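Please open the model in your viewer and keep the selection panel at hand. The tour goes from one selection to the next and says what is to be found at each stop.

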Amino acid sequence: MATVIQENGINNLSSNPGIVHSHQMPISDRTNHEMGDQPNEAVIDCQTVTNSEETEEAPEIDIIINNVVCSFSVRCHLNLRQIALTGVNVEFRRENGMVTMKLRRPYTTASIWSSGRITCTGATSEVQAKIAARRYARCLQKLGFKAKFHNFRVVNVLGTCTMPFAIKITAFSQKHREADYEPELHPGVTYRLTNPKATLKIFSTGSVTVTARSVGDVQTAIERIFPLVYEFRKERTPADEELWQAKRAKRKSSHDMHSVKDHNDGLLELVTLSDDDQNDSNQSWQ
């Protein structure tokens with residue numbers, strides 16, 4: 001699946017006061033103060049121009065989901081040695097006390113513990129993560145375990161986006177207390193939000209990485225941080241602007257290509273466990 005989960009951008013930023021700043025007295029108030037309450041056509045025209053500038057459409061921001069981490073339980077004890085010997089695409093890591101299992105569609109990796117707790121990583125959407133989790137549970141059933149799909153939840157979501165401008169991260173970190181900037185340790189600014197609970201990494205190039213509990217929280221975090229970094233924007237050079245446009249076009253083409261593939265994958269039943277040959281699958285649990 002394409003990692004782009006949203007192509008409509010963040011256009012719903014009309015409530016953000018940081019896009020259009022006005023530190024002067026409103027035109028109507030200054031006019032009434034200087035000339036009384038009599039209406040003036042020039043004042044009406046100026047107000048119309050001001051309103052049109054305030055309602056100017058905000059730039060689109062493409063949000064990309066790179067990883068969705070989920071966990072679930074199968075409510076039974078698992079023999080890791082048996083899974084390693086009879087399973088397909090598995091690796092027994094004795095030092096960690098767990099078995100790793102992989103799927104091709106969706107391309108994910110599961111960490112399986114003997115207690116029955118399983119963590120799945122690599123999905124690019126919450127729906128895809130649940131499909132992968134159910135396939136892992138079914139695979140364990142075919143290996144002879146009395147596994148039951150239970151207590152599924154999304155634990156963590158990693159998303160990225162690129163602002164249409166570069167950011168003065170030094171000035172940004174000096175103004176906001178929530179920002180933590182240690183250039184000797186990390187090139188980006190760490191900004192933590194409490195509502196929603198999310199951690200953002202902001203870079204001078206305009207790239208922002210978000211870690212949150214759900215895809216919705218990632219989008220909300222981007223909407224919250226946009227007016228804050230907009231104040232510290234700096235114009236890109238023509239070369240940087242051309243490179244940014246090329247990257248954006250590449251992401252869109254990749255999204256269109258993978259959308260067709262995901263539609264075909266969605267036709268698969270949830271009981272499908274592996275994309276290996278049927279013969280290999282039968283040999284694994286005989």
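Start by selecting Phe165, which counts as buried because its relative accessibility is 7%, below the 20% cut-off. This is a predicted model, and the values given along the way are computed from it. Now add Tyr230 to the selection: Phe165 and Tyr230 form an edge-to-face aromatic pair, with 5.7 Å from centre to centre and 85° between the planes. The pair links distant parts of the chain, since Phe165 sits in the loop between β7 and β8 (166-167) while Tyr230 belongs to helix α6 (residues 215-230), 65 residues apart. Tyr230 is buried too, with a relative accessible area of 15%. Show Arg233 as well, and you will find it over the face of Tyr230, at 4.1 Å from the ring centre.

Next, select His176, in the loop between α5 (169-175) and β9 (179-181). With a relative accessibility of 12%, His176 counts as buried. Once neighbours within four places in sequence are set aside, the residues in contact with His176 are Tyr191, Leu228 and Phe232.

For other ring pairs, note that a search of the whole structure finds seven aromatic pairs. Among them is the one between Phe72 and Phe149, whose ring centres are 5.3 Å apart and whose planes meet at 40°, so that the pair is tilted. Phe72 lies in strand β2 (residues 63-73) and Phe149 in the loop between α4 (126-142) and β7 (150-162), so this pair also links distant parts of the chain, 77 residues apart. How does the burial of the two rings' residues compare, buried or partly exposed? Phe72 counts as buried at 3% relative accessibility, whereas Phe149, at 28%, counts as partly exposed. Adding Phe152 to the selection completes one aromatic cluster of Phe72, Phe149 and Phe152. Arg134 can be shown at the same stop, lying over the face of Phe149 at 5.7 Å from the ring centre.

From there, colour helix α4 along its whole length. Its 17 residues should span 24 Å at 1.5 Å a residue, and the end C-alpha atoms are 25 Å apart, which agrees. The buried residues of α4 are Gln128, Ala129, Ala132, Ala133, Arg135, Tyr136, Ala137, Cys139 and Leu140, and these pack against β2, α3 (80-86), β4 (98-103), β5 (108-113), β6 (117-123) and β7. Just after α4, Gly144 takes a positive phi of about 105°.

Then move to the strands, beginning with β7 and β12 (residues 207-212), which pair in the antiparallel sense over six bridges. Selecting Gly159 shows it opposite Val210 in β12. On β12 there is also an antiparallel pairing with strand β11 (residues 197-202), joined by five bridges, in which Lys201 has Thr209 as its bridge partner. β11 and β12 form a hairpin with four residues between them, and Gly206 in the turn has a positive phi of about 100°.

Finally, colour the chain by confidence. The protein averages a pLDDT of 76, and 66% of the residues score at least 70. Over residues 1-56 the pLDDT is below 50, although the model gives this stretch 66 contacts beyond near neighbours in sequence. Residues 263-286 likewise stay under 50, with 29 contacts beyond four places in sequence. Where pLDDT is low, the predicted coordinates should not be read in detail.

Notes: Residues numbered from 1 in each chain as written. Predicted model: local features only at pLDDT ≥ 70, side-chain atom pairs only at ≥ 80, totals over all residues. Heavy atoms only, no water. Phe/Tyr/Trp six-rings, centres within 6.5 Å; stacked < 30°, edge-to-face > 60°. Helix = DSSP H or I, 4+ residues; strand = E, 2+ residues; numbered from the N terminus. Buried < 20%, exposed > 50% of the residue type's maximum accessible area, 1.4 Å probe, protein only. Lys NZ or Arg CZ within 6 Å of the ring centre and 35° of its normal. Contact = heavy atoms within 4.5 Å. pLDDT = per-residue confidence, 0-100. Expected span 1.5 Å × (residues − 1). Pairing = 2+ DSSP bridges.
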